[in-house]
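Student: Please take one part of this model and look at it closely, then place that part in the rest of the chain. I would like every term given with its cut-offs.

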Amino acid sequence: MNRDYYETLEINRNATDADIKKAYRRLALKFHPCKNSEAGSSDRFFQLGEAYDVLSDPRKKATYDKFGEEGLKGGIPVEFTGGGAWSSKYTYHGNPDKTFRQFFGGDNPFADFYTIESALQFSSLVVGIEKTQDSPIERDLPLSLDDLFHGCIKKIKISRRVMNEDEQTSSIKDKILTIEVKPGWTEGTRIVFTKEGDQGPNCIPADIVFIVREKPHHVFTRQLNDLVFKAKISLEMALTGFSVDVETLDGKLLTIPINDIVHQSYKKVLSGEGMPLPQDPTQRGSLILTFDIDFPKKLSAESKQLIKQALNLKYLQY
């Protein structure tokens, strides 16, 4: 099917060289795949590149104007080949990005600012078009409490699109990202790998962001830099005293005596036995002991009387 290069650039056949450049600038920026993800934009961008490649060259343009696309691509009659006419069969190189870069004078045409005419207004509107970066790609990084206490190394394999040496085609390649988990990191800590997302022509790859998600622990509950240990005790223990054995995350066995009368809101705090502080891992938060008292569901009359006597005796001694 014959193409109308003038119609492609939205200009008439009397357009000057300046008009051709102005039209290509406006439409190429509008339909560039890095700026326009609508269906058909890539095909439109390709057509714009070919139309500009022809109409910006005086010999190609003269041949096209007189003989059309068929004469341009199929060759013109011999009797018309004199006087410097375009006699070779024209074939577009098929790389609209190359045309685009040649027009804007570099590999990074979106780095500068250009004037783009609004297609909906008679006057022009100056807007800043910069090379933009894709939105960050966020992934969870599940870590155990032991990982966050001691620190560790995590290696994660990603697959991403990488530009080939010709800077036009791409391929999928694997890469290993290494995360050095620091002691004391907290839920929500973000680890950013700058520009490790998919690569593309004239686009800035997205950052890959891993977000720490803390796995539940079977013994401790974390509260910021503190660790909470809940011990289940009987009413007898709550009233008469006892000791609690706690194995810490660094392998120590702590035997903690409890000589107070324990109630439901009672807490025992041991400073320096909690999580490392992120800003200074040599410092530690606290280990907090809480208690779940197992009250008897019922008591015999004799047991009640004995408790009353014991409590009265205690108050008299007190």
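Tutor: The answer below begins with a single hairpin, moves to the sheets, and ends with the packing of helices.

This is a predicted model, in which local features need pLDDT of at least 70 and side-chain atom pairs count only at pLDDT 80 or more, while totals for chains, interfaces and linings use all residues. Residues are numbered from 1 along each chain as its sequence is written, and side-chain values use heavy atoms, with hydrogens and water left out.

The part to look at closely is the hairpin formed by β8 and β9, which has two residues between its strands; strands here are DSSP runs of E with at least two residues, helices are runs of H or I with at least four, and both are numbered from the N terminus. Strand β8 covers residues 220-223, and its covered face carries Phe220 and Arg222, whereas Thr221 and Gln223 lie on the uncovered one. Its partner, β9 (residues 226-234), runs antiparallel to β8 and is joined to it by four bridges; two strands are said to pair if DSSP finds at least two bridges between them. Across this pairing, Thr221 stands opposite Val228 in β9, and Arg222 stands opposite Leu227 in that strand. In the turn, Leu224 has a positive phi of about 55°.

The hairpin belongs to an open sheet of four strands with mixed pairing, in the order β8-β9-β13-β12. Its edge strands, each pairing on one side only, are β8 and β12 (267-277). Neighbouring strands of this sheet are turned by 30° against each other on average, with direction ignored; axes are lines fitted to C-alpha atoms, for helices over the stretch in contact, and angles run from 0 to 180 degrees between N-to-C directions. On the other side of the hairpin strand β9 lies β13 (residues 280-294), which pairs with β9 in the parallel sense over eight bridges, and there Ser234 stands opposite Asp294 in β13.

Another open sheet in the chain has three strands in the order β3-β7-β6, again with mixed pairing. Here β3 (137-143) and β6 (190-193) are the edge strands, each pairing on one side only, and the twist averages 25° from one strand to the next. β6 and β7 (residues 208-214) pair in the antiparallel sense over four bridges, with Ile191 standing opposite Phe210 in β7.

The chain as a whole has eight helices and 13 strands, and 36% of its 318 residues count as buried, a term that means under 20% relative accessible area, with exposed over 50% and partly exposed in between (1.4 Å probe, protein chains only). Thr8, found in helix α1 (residues 5-8), counts as buried because its relative accessibility is 13%. Leaving aside residues up to four places away in sequence, Thr8 touches Leu27, Arg44, Gln47, Leu48 and Ala51, where contact means heavy atoms within 4.5 Å.

Two packed helices are described by the angle between their axes and the distance between the axes. For α3 (residues 41-55) and α5 (residues 96-104), the axes come within 8 Å and cross at roughly 60°. These two helices are therefore oblique to each other; angles under 35 degrees count as roughly parallel, over 145 as roughly antiparallel, 65 to 115 as roughly perpendicular, and the rest as oblique. Their crossing is left-handed, meaning that the near helix is turned anticlockwise from the far one by less than a right angle, whereas clockwise would be right-handed. Phe45, Phe46, Gly49 and Tyr52 of α3 make this contact with Pro96, Asp97, Thr99, Phe100 and Phe103 of α5. These residues divide into six nonpolar, two polar and one charged, where Ala, Val, Leu, Ile, Met, Phe, Trp, Tyr, Cys and Pro count as nonpolar, Asp, Glu, Lys and Arg as charged, and the others, Gly among them, as polar.

Helix α2 (residues 17-31) also packs on α5, at an angle of about 125° and with the axes 11 Å apart, and the two are therefore oblique to each other. The crossing of α2 and α5 is left-handed. In this contact Lys21, Tyr24, Arg25, Ala28 and Leu29 of α2 meet Pro96, Thr99, Phe100, Phe103 and Phe104 of α5, a set of seven nonpolar, one polar and two charged residues.
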